[in-house]
Amino acid sequence: LNAHLAGVMSINAMQSVIEQVQQGNEEHARKNLSLEADVKAAVEELEVLQSTLKVQVHEYQERVTDVKKRCEVPRNTVLRELRVRKNELDSKTEELGANFVQGRA
């Protein structure tokens with residue numbers, strides 16, 4: 001009888017452990033679903049942010065390109081300006097030289 005009672009108690013104890021494990025599994029399953037929903041929401045939010053950032057980067061790159069184009073001066077324009085200024089400097093130098101020579105004479 002004692003052995004039978006011990007066996008019944010052992011079975012009851014095992015059933016209790018099994019029920020606790022099942023309850024734990026159910027809790028974990030609910031938590032997993034909740035975490036999966038949180039992760040999905042976070043991923044969606046990050047995708048929106050990434051998309052927004054890509055648009056902003058594209059707009060910035062366009063602005064940088066536009067500014068670069070406006071800042072570029074064609075080589076011919078630079079060379080022409082340098083020739084004009086050199087000619088002006090040469091003229092002034094000749095004028096100063098002539099004035100210096102006249103002043104000594």
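At 49% relative accessibility, K86 counts as partly exposed, a class that lies between buried (under 20% relative accessible area) and exposed (over 50%), computed with a 1.4 Å probe on protein chains only. K86 is introduced here as a partner of D90 in a salt bridge. The model is predicted: local features need pLDDT of at least 70, side-chain atom pairs count only at pLDDT 80 or more, and totals for chains, interfaces and linings use all residues. Residues are numbered from 1 along each chain as its sequence is written, and side-chain values use heavy atoms, with hydrogens and water left out.

**Overall architecture**

- The protein chain contains 2 helices and 0 strands; these are DSSP runs numbered from the N terminus, where a helix (H or I) has at least four residues and a strand (E) at least two.
- Helix α1 covers residues 2-71, and helix α2 covers residues 75-104.
- Of the 105 residues in the protein chain, 0% count as buried.
- The protein chain exposes about 10000 Å², of which carbon and sulfur atoms supply 58%; accessible areas come from the Shrake-Rupley method with a 1.4 Å probe, and for residues only the protein chains shown count as cover.

**Salt bridges**

- The count comes to 3 salt bridges, each defined as a side-chain nitrogen of Lys or Arg within 4 Å of a carboxyl oxygen of Asp or Glu.

*In helix α1*

- R70 and D66 form a salt bridge whose closest N and O atoms are 3.2 Å apart.
- These partners, R70 and D66, are 4 residues apart in helix α1, so about one helical turn separates them.
- R70 is exposed, with a relative accessible area of 60%, whereas D66 is partly exposed at 38% relative accessibility.

*In helix α2*

- E81 and R85 meet through their side chains in a salt bridge of 2.8 Å, N to O.
- Both E81 and R85 belong to helix α2, where they are 4 residues apart, about one turn of the helix.
- E81 is partly exposed, with a relative accessible area of 38%, while R85 counts as exposed at 53% relative accessibility.
- In the salt bridge between D90 and K86, the closest N and O atoms are 2.8 Å apart.
- D90 and K86 both lie in helix α2, 4 residues apart, about one turn of the helix.
- D90 counts as partly exposed, at 31% relative accessibility.

**Nonpolar surface patch**

- V73, V78, L79 and L82 form a nonpolar patch on the surface, with about 320 Å² of accessible area together.
- Patches are made of residues with over 30% relative accessible area and no salt bridge; like charges are joined within 9 Å, and nonpolar side chains (Val, Leu, Ile, Met, Phe, Trp, Tyr) within 5 Å.
- Within this patch, L82 is found in helix α2 and is exposed, with a relative accessible area of 52%.
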